[in-house]
Amino acid sequence: MPLYGCALRFWAVVELRIRSRLNALLVRELCVDFGVVSLDREWARGVSYIIHTMEMNDGKLYIVATPIGNLGDITQRALKVLETSDAVYAEDTRVTGKLLAAFGLKKPLCRLDENIIRSKTDEVIERIRAGEVIAYCTDAGMPGVSDPGSVLIAAAREASVPCEILPGASAGTLAYVASGFSCPNHYFGCFFPRKKTEQIQTLDSLASLNAALIFYESPHRLLDSLCTINEALPQRRICVCRELTKLHEEVYLGTPAEALSHFATMEEASGIKGEIVIVIDAAGADEARSRDDDVLNQANELICRLIADGERVKSAAKIAASELGIAKNLAYEMALSAKEAQDDT
């Protein structure tokens with residue numbers, strides 16, 4: 001069949017498929033039947049758009065990652081979903097509105113921040129069930145990571161409505177990579193606690209973890225947080241990332257004391273600005289050995305006290321192993337030694 005006649009017939013059948021709202025799989029089958037894969041690029045683009053439009057006919061929630069600073073980091077998938085969705089829900093409609101305007105997109109915007117998201121999830125779910133395609137964006141980065149997006153995702157899973165996550169920028173992951181720390185494990189702690197007592201408790205509980213520690217922080221609280229880190233983990237290397245992907249991006253590496261001095265100078269000169277991510281490296285070999293010695297000393301003191309109070313060897317070993325996390329056989333040997341020393345006196 002001549003190319004022109006084939007084209008007319010193909011698009012006529014596609015139009016019927018669209019009007020009957022049949023699924024995109026049938027259009028793909030038509031592409032094979034009509035040999036569209038062998039046609040030019042414009043055809044390929046047209047077919048791709050038709051298929052995407054048909055796939056969007058069924059209601060679905062799209063969780064759309066957005067740039068954390070550089071607009072060039074947005075993905076083609078994100079733009080296509082934002083362009084073809086029925087409505088865009090946003091943590092802040094002003095921020096998302098500027099993003100859409102930057103790419104020439106106009107869509108109905110609905111506010112969905114942490115204050116109202118729990119009361120609005122039913123509305124979103126009903127719109128999806130009615131066949132609408134809903135996109136959700138937070139101010140920057142990956143929705144669901146330290147923001148209210150996780151509430152909407154959980155509601156969609158609970159309601160069994162289609163939900164697709166579009167990957168994109170995440171400040172925590174970027175900062176971990178930018179640090180260059182070699183530990184293959186990392187722990188993301190969301191925002192660093194505000195109160196000093198909670199900060200110390202957090203660092204103490206995570207100090208023995210074989211992982212880099214990642215926290216978001218406000219520029220206004222950075223100096224206080226660095227003071228606490230310097231007190232709790234002075235020997236660690238840290239990386240402070242500021243304004244990631246933006247014009248004045250900064251990645252500072254050093255000890256907590258060095259970072260404190262650097263940013264204190266910045267605060268005096270012009271003030272600390274921008275979003276902050278702190279990455280604390282995993283413990284080095286010397287710190288790990290020192291911590292192990294401290295734990296063993298604590299275990300020995302505890303066992304000796306328990307034995308002196310009349311606790312049986314097996315029971316004292318079990319308590320020490322449970323409270324301090326040491327091996328049970330090691331705790332038992334320590335308890336035996338403590339019992340023998342008591343009997344010899």
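With a relative accessible area of 34%, Cys 304 is partly exposed in this structure, which is a predicted model. Cys 227 likewise counts as partly exposed, at 32% relative accessibility. As to bonding between cysteines, a search of the whole structure finds zero disulfides.

From the cysteines we can turn to helix α10, which spans residues 222–232 and in which Leu 222, Ser 225, Leu 226, Thr 228 and Ile 229 are buried. These residues cover an arc of only 160° around the axis, and therefore lie on the same side of α10. The spacing follows a common pattern: an α-helix has 3.6 residues a turn, so residues three or four places apart point the same way. The face of α10 turned away from this buried side carries Asp 224 and Glu 231, both of which are exposed. As for what the buried residues of α10 pack against, their partners are the helices α9 (196–206) and α11 (256–269), together with the strands β7 (212–217), β8 (238–242) and β10 (276–280).

Another part of the structure can be followed from a single residue, Lys 60, which lies in strand β1, made up of residues 60–64. Once its neighbours within four places in sequence are left aside, Lys 60 is in contact with Ile 128, Glu 132, Val 133 and Ile 134, and also with Pro 162, Cys 163 and Glu 164. With Glu 164 there is, in addition, a polar contact of 2.9 Å that joins the side chains of the two residues, Lys 60 and Glu 164.

Conventions: Residues are numbered from 1 along each chain as its sequence is written. This is a predicted model: local features need pLDDT of at least 70, side-chain atom pairs count only at pLDDT 80 or more; totals for chains, interfaces and linings use all residues. Side-chain values use heavy atoms; hydrogens and water are left out. Helices (H or I, at least four residues) and strands (E, at least two) are DSSP runs, numbered from the N terminus. A polar contact is a pair of N or O atoms within 3.5 Å; within protein, one must be able to donate a hydrogen and the other to accept it, and residues adjacent in sequence count only if both atoms are side-chain atoms. Contact means heavy atoms within 4.5 Å. Buried means under 20% relative accessible area, exposed over 50%, partly exposed in between (1.4 Å probe, protein chains only). The arc is that of the directions from the helix axis to the C-beta atoms. A disulfide is a pair of cysteine sulfur atoms within 2.5 Å.
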